[in-house]
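Let's take a walk through this structure together. Please have the model open and ready to turn as you read.

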Amino acid sequence: MAVEEMTAQSFEETITENGIVIIDFWAPWCGPCRTFSPIFDKVSDNHTDIVFAKVNTEEEEELARHFQIRSIPTLMIFREQVILFAEAGMLSEPQLEQVIAKVRELDMDKVRADIAAQEKAAQEQQA
């Protein structure tokens, strides 16, 4: 599957209409970003059911600011609209494949229940 360019305008629709979305936050001047790009592209070909998107942090400053991107490349993975992975730095092809496999294995009902429990605990601490 081709890697798509993501913008602030396309972000919400992409996240809500797709099961798994992997986003590479990058910039044209970033050497590690340019090194990671072919890996990202190659792995995208192996997973046609996943949306692979790139966010140019120079052009999409609002998105980068919203997700507090401080270092690039930063990889962020959403599944069913939940952020499951967010990490700065390059991954090798085997590492990226391993992260994708782990994301696929997760029980999303359990993930959502864990998030709800954490939110409830945080609210009780504030009260």
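A residue counts as buried here when its relative accessible area is under 20%. Keep that cut-off in mind as we go, and remember that this is a predicted model.

By that cut-off, both Cys 30 and Cys 33 are buried. These two cysteines are joined by a disulfide, with 2.4 Å from S to S, and the structure holds just one such link. If you look along the bond between the sulfurs of Cys 30 and Cys 33, you will find a right-handed link, with 80° about the S-S bond.

Next, let's turn to the nonpolar interior. In soluble globular proteins, nonpolar side chains tend to be buried together. The largest nonpolar core in this model has 16 residues, and the members that touch the most others are Ile 22, Leu 75 and Leu 96. Two or more residues come from each of strand E2 (20-26), helix H2 (31-46), strand E4 (74-79) and helix H4 (93-105). Leu 96 is a good place to pause: leaving aside residues up to four places away in sequence, Leu 96 touches Phe 36, Phe 40, Val 43, Leu 75 and Leu 91. There is also a second, separate core, made of 15 residues, among them Ile 15, Phe 25, Ile 69 and Phe 78.

Finally, follow the chain to helix H5, which runs over residues 108-126. Its 19 residues reach 27 Å from the first C-alpha to the last, close to the 27 Å expected at 1.5 Å a residue. At the N-terminal end of H5, Asp 107 acts as a cap, with a side-chain oxygen 3.0 Å from the backbone nitrogen of Asp 109.

Notes. Residues numbered from 1 in each chain as written. Predicted model: local features only at pLDDT ≥ 70, side-chain atom pairs only at ≥ 80, totals over all residues. Heavy atoms only, no water. Disulfide = S-S within 2.5 Å. Buried < 20%, exposed > 50% of the residue type's maximum accessible area, 1.4 Å probe, protein only. Core = buried A, V, L, I, M, F, W, Y, C linked by side-chain atoms within 4.5 Å. Helix = DSSP H or I, 4+ residues; strand = E, 2+ residues; numbered from the N terminus. Contact = heavy atoms within 4.5 Å. Expected span 1.5 Å × (residues − 1). Polar contact = N/O pair within 3.5 Å; in protein donor to acceptor, adjacent residues only side chain to side chain.
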